[in-house]
Amino acid sequence: MSDTAVTPLRIAVIGIGHMGWHVAAHLATAGHQITVCDVAPGVADRWVAEHGGTAAAHPADAVVDCELVVSSLPADRELEAVADGIATFLAKGAVWLDHSTTSAEAARRVAAKVAEHGCVFLDAPVSGGVDGARNGTLTVMVGGDEPTFDRIAPVIAAYGARVVLMGESGAGQLTKMTNQICVVGLCQALAEGLDFAETAGLDVSRVIHVMLQGSSASWQMANRAEKMLAGQYDYGFSTTLMRKDIGLVLEEAQSMNVPLPVTAMVGQMLAEVTAMGGAKWDWCSLMERQRRRRTES
Ligand code: NAD
C-alpha cells in the first residue's frame, strides 16, 4: 500500500467477478466515486448494496464522465466487446486500466482503438489470486506509456502491493504469460512429489515442512500443498482460467518459435482434469489427476 495521498476520482469498474469485486471494494475504501457494471444479473446491485456507489446496466453508461475505467473480464472476446461498446462514450483523456488476462495482441488492438478517442489504455494483468485481491496484495504487471503509469500507479496501490511498468502496450500481458510458463510445470511437479511421498508411506505434512526450508520451496508449495494433500479444490484459480492462460501462452510462443514442451504437456493434463469434472476446481487439482492415474496403473 502507498501512503501517497490520492485525489478522489470518478471510476467505472467493469466486470465484478471474483477479482473485480475486491478491486472495486478497495477503490471505494480509498475514497473514489465508483460505478460498477457486470453483465451477470444482480451482481452490480449486490456490490452497491455492500459498498455504496452506483450500478450501471451497460458499460457505456458506466464510463460516461469517468476519469478512470478499471476492468476485470474473462478473456479477449469480452475485452474487445466492451471496447466496441464504450470507445465512443469514454471521457476525453480518460485512462482505461485492464486487469484481465488476455493476449498481448488484443491489448494492443484495444489500446489503438481507445487512442483514436483521445484516451489511454494500460494492460495490467495481475498475479496473487482472489486472496491477493481480497487482501489488497496483488502484483500488477503494466504495459503502456510511462507518464500515464506514473499517474495511475498510486491509485492501483489501493490493492496492489507491487505495481510495475514492464514496457509498452502488451508488455504487461507478456509478463503475465512468462509468470504462467514458470508456474505450470512447478505445480505438476508438486503433485508428482506429494503423490510419491504419500505412496511411499511418508508423513507428507512433515515432508512439506522440511522442503519449505530447502531448494524446492515455492509459493505453490507454501500455499497449495496441504490443500492438494487434502483433495480440497473448491476455491482459487480455476482449471478453465489456467487453460485459457496456457492457450494464450502457446499461441504467443508459437509466433516466436519458442518451444514450451512442459507448458504444453500440463495444458493437456488440465484438459484431463476438466474431463474429470474439474473445470471449476482450482488448477492445483492436477493432484487429483495424478492420484487417479496412479490408482489406474
Ligand atoms: P470472473 O469470471 O469471476 O469475472 C469476470 C466478470 O466479468 C464476470 O462477473 C462476468 O459476468 C463479467 N463480464 C463478462 N463479460 C462482461 C461484459 N461484456 N460487460 C461487463 N461484465 C462482463 O473472473 P475472475 O476470476 O474475476 O478473473 C478476471 C480476470 O482476471 C481473468 O482474465 C482472469 O484470467 C484474471 N485473473 C484471475 C485470477 C483468479 O484467481 N480468479 C487471478 C489472476 C488473474
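Helices here are DSSP runs of H or I with at least four residues, numbered from the N terminus. The model is predicted.

Start with Leu248, which is found in helix α11. Leu248 counts as buried, because its relative accessibility is 14% and the cut-off for buried is under 20%. Its contacts beyond four places in sequence are Asp76, Thr101, Thr102, Ser103 and Met177. Asp76 is a distant partner along the chain: 172 residues separate Asp76 from Leu248. In space, their C-alpha atoms are separated by 9.8 Å.

Met177 leads on to helix α8. Met177 touches Leu248, and Met177 also belongs to the contact that α8 makes with α5. Two packed helices are described by the angle between their axes and the distance between the axes. For α5 (residues 104-115) and α8 (residues 171-199), the axes come within 8 Å and cross at roughly 165°. That angle makes α5 roughly antiparallel to α8, because angles over 145 degrees count as such. The crossing of α5 and α8 is right-handed. On the α5 side, the contact is made by Ala104, Ala107 and Arg108. On the α8 side, Gln173, Leu174 and Met177 take part. By class, the residues of this contact are four nonpolar, one polar and one charged.

Helix α8 has another partner, α13. Here the axes are 9 Å apart and the packing angle is about 45°. The two helices are therefore oblique to each other. The crossing of α8 and α13 is right-handed. From α8, the contact draws on Cys187, Gln188, Ala191, Glu192, Leu194, Asp195, Glu198 and Thr199. From α13, it draws on Leu286, Met287, Arg289, Gln290, Arg291 and Arg294. These residues divide into five nonpolar, three polar and six charged.

Now follow α13 to α12. How do α12 and α13 cross, and how far apart are their axes? The axes come within 9 Å and cross at roughly 80°. The pair is therefore roughly perpendicular. Val266, Met269, Leu270, Glu272 and Val273 of α12 make the contact with Leu286, Arg289 and Arg293 of α13. By class, that gives five nonpolar, no polar and three charged residues. Leu286 and Arg289 are also listed in the contact of α13 with α8.

The loop between α12 (261-275) and α13 (286-296) holds Ser285. Is Ser285 buried or exposed? Ser285 is buried, because its relative accessible area is 0%. Not counting residues up to four places away in sequence, Ser285 touches Tyr233, Thr239 and Val273. Val273 is one of the α12 residues in the contact with α13.

Other loop residues sit in the open. Asn257 is found in the loop between α11 (239-256) and α12. Asn257 counts as exposed, because its relative accessibility is 70%. Its phi is near 60°, a positive value in a residue other than glycine. Asp65 is found in the loop between α3 (59-63) and β4 (68-71). Asp65 is exposed, with a relative accessible area of 53%. The cut-off for exposed is over 50%. Asp65 has a phi near 70°, a positive value in a residue other than glycine.

Turn next to helix α1 (residues 20-29), where His26 is found. His26 is buried, with a relative accessible area of 16%. Beyond four places in sequence, His26 is in contact with Ala133, Arg134, Asn135, Gly136, Ala158 and Tyr159. Which backbone atom lies 3.4 Å from a polar atom of the His26 side chain? The backbone nitrogen of Gly136 does.

Ala133 gives the view from the other side of this contact. Ala133 is found in helix α6 (residues 129-135). Ala133 counts as buried, because its relative accessibility is 0%. Leaving aside residues up to four places away in sequence, Ala133 touches Met19, His22, His26 and Leu138. Leu174 of α8, part of the contact with α5, offers a reference point. Ala133 and Leu174 are 41 residues apart in sequence and 21 Å apart in space, C-alpha to C-alpha.

Technical notes: Residues numbered from 1 in each chain as written. Heavy atoms only, no water. Buried < 20%, exposed > 50% of the residue type's maximum accessible area, 1.4 Å probe, protein only. Polar contact = N/O pair within 3.5 Å; in protein donor to acceptor, adjacent residues only side chain to side chain. Contact = heavy atoms within 4.5 Å. Axes fitted to C-alpha atoms, helices over the stretch in contact; angles between N-to-C directions. Parallel < 35°, antiparallel > 145°, perpendicular 65-115°, else oblique. Left-handed = near helix turned anticlockwise from the far one by under 90°. Nonpolar A, V, L, I, M, F, W, Y, C, P; charged D, E, K, R; others polar.
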